[in-house]
Amino acid sequence: MSADQPSQQPHRHATAEEVEAAYQDTKLAQVLYHDWESETYDEKWSISFDDRCITYARGRFDQATTRTIRNDEIPYEKALELGCGTGFFLLNLMQSGVAQKGELTDLSPGMVEVALRNGRNLGLDVDGRVADAETIPYPDNTFDLVVGHAMLHHIPDPEQSLAEVLRVLKPGGRFVFAGEPSTTGDRYARFISTLTWKLVTNVTRLPFLNKWRRPQQELDDSSRAQALEAVVDIHTFTPTELADIARRAGAVRVKVSAEEFAAALEGWPIRTFEAAVPDEKLSFRYRLFAFNLFKAATWLDEHFFNKFIPQSWFYNLLVTGTKPYINARPRTPGPSKNPLPLSR
Ligand SMILES: C[S@@+](CC[C@H](N)C(=O)[O-])C[C@H]1O[C@@H](n2cnc3c(N)ncnc32)[C@H](O)[C@@H]1O
């Protein structure tokens, strides 16, 4: 199996040799890891297609575009999602009225299959295919809107990908990418998660806490998945780097915004704790408590931290921009000028 010529068939059970090869081939790792996750992804990340996630997705779109969008831009007629996963961003945006027709694409055939199933179950006008975001398989000037959520940081050359986004956008068309990890946010999130994982998996060795310990086999599987996750998470960005990448790719009216500081400091230990203990230990009361804690942290971000702390301290970055009416980028791109080191 090769990720150079994308297969349209999901490959949900990788062999040990394929996993070994994936450590040297980031695109193969993306396909194996995300094909494998595709059927359980919605549950793992609490993704739904109801009011809760419609409001969340639309909130990200509005936060990214605020003060830069024309009143008559919405609804967009034809929208494309890159790295769609199970369709969380575009399907919920379509339900909120942002776009009429949606094209769902991802490097992982398993994800495309689940996203299309989700879209059709919702009765939305969607189609889709396996597509690499660095070589988008659609003609120039096709879409009015291109979106992505938590995907740019997986792409080896994000500038090349954004140049492709601008190629497939119609002149004046818009892109919105949300959920990209900031460099500072990623550092503290990793530190907190590693600490929480070690604490919970060691404390639950104590005999009287033994019922809170997941079977060793499951903990080992999680650790292996985390190791592969480190291969698929390629970049983090500072707000300035993200804006510069978008401008170098040829975008205009570029705006970067940031969100989640208290929400990240609260969310990462909670998510790690939940992954480290058996599911049946997480009662309804606990889940309600965790949800209320998240709402309180989000309130603090919106009413307090947003006003005082630098953008680069927030965990999540969002970027929007438009395609100029006269394309400023040379037609034959030279070697990438992407200055980002591999972040980990
Ligand atoms: C963290 S997941 C996010 C999925 C979804 N957007 C969401 O927010 O739930 C990243 C997605 O990007 C996809 N991906 C990784 N590399 C890609 C590439 N080169 N081209 C297109 N999609 C890619 C993965 O297969 C995966 O589905």
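This report walks through a predicted model, starting with its sheet and ending with the surroundings of its ligand.

## The sheet

A good place to begin is the open sheet, in which seven strands follow the order β3-β2-β1-β4-β5-β7-β6 with mixed pairing. Strands β3 (125-130) and β6 stand at the edges with a single partner strand each, so one side of each has no neighbour in the sheet. On average, neighbouring strands are turned by 15 degrees against each other, direction ignored.

Now look at β4 and β5 (residues 169-181): these two strands run parallel and are joined by six bridges. One pair to find on your screen is F143 and L169, since L169 in β5 is the bridge partner of F143. Helix α7 (residues 158-168) lies across β1, β4 and β5, and its direction is at about 145 degrees to β5.

## A residue in an edge strand

V254 sits in strand β6 (residues 252-259). Is V254 buried or exposed? The answer lies in between: V254 has 19 other C-beta atoms within 10 Å, and a residue counts as buried at 20 or more, so V254 is called partly exposed.

Leaving aside residues up to four places away in sequence, V254 touches A243, A246, R247, V319 and G321. The C-alpha atoms of V254 and F175 are separated by 9.6 Å, although these residues are 79 residues apart along the chain.

## Two packed helices

Two packed helices can be described by the angle and the distance between their axes. For α8 (residues 183-203) and α11 (residues 262-276), the angle is about 35 degrees and the axes are 9 Å apart. Their crossing is right-handed.

Which residues of α8 meet α11? They are G185, A189, I192, S193, T196, W197, V200 and T201, and on the α11 side they meet A264, W268, P269, T272, F273 and A276. By class, the contact has nine nonpolar residues, five polar ones and no charged ones.

## A covered helix

Helix α5 (88-95) is mostly covered, with seven of its eight residues buried: F88, F89, L90, L91, N92, L93 and M94. These buried residues pack against several elements, including α4 (51-65), β1 (76-81) and α6 (109-121). After α5 comes G97, which has a positive phi, near 95 degrees.

## Around the ligand

How many residues surround the ligand? There are 21, and the closest are H34, G83, G85, A133 and H149. Helix α5 returns here: α5 and α2 (26-37) each supply at least two residues of the shell. Sorted by class, the shell has ten nonpolar, eight polar and three charged residues.

Definitions and conventions:
Residues are numbered from 1 along each chain as its sequence is written. This is a predicted model: local features need pLDDT of at least 70, side-chain atom pairs count only at pLDDT 80 or more; totals for chains, interfaces and linings use all residues. A residue is near a molecule or strand if its C-beta atom, placed from the backbone, lies within 6 Å of it. Helices (H or I, at least four residues) and strands (E, at least two) are DSSP runs, numbered from the N terminus. Ala, Val, Leu, Ile, Met, Phe, Trp, Tyr, Cys and Pro count as nonpolar, Asp, Glu, Lys and Arg as charged, and the others, Gly among them, as polar. A residue is buried if 20 or more other C-beta atoms lie within 10 Å of its own, exposed if 12 or fewer, and partly exposed in between; C-beta atoms are placed from the backbone. Two residues are in contact if their C-beta atoms, placed from the backbone, lie within 7 Å. Axes are lines fitted to C-alpha atoms, for helices over the stretch in contact, and angles run from 0 to 180 degrees between N-to-C directions. A crossing is left-handed if the near helix is turned anticlockwise from the far one by less than a right angle, and right-handed if clockwise. Two strands pair if DSSP finds at least two bridges between them.
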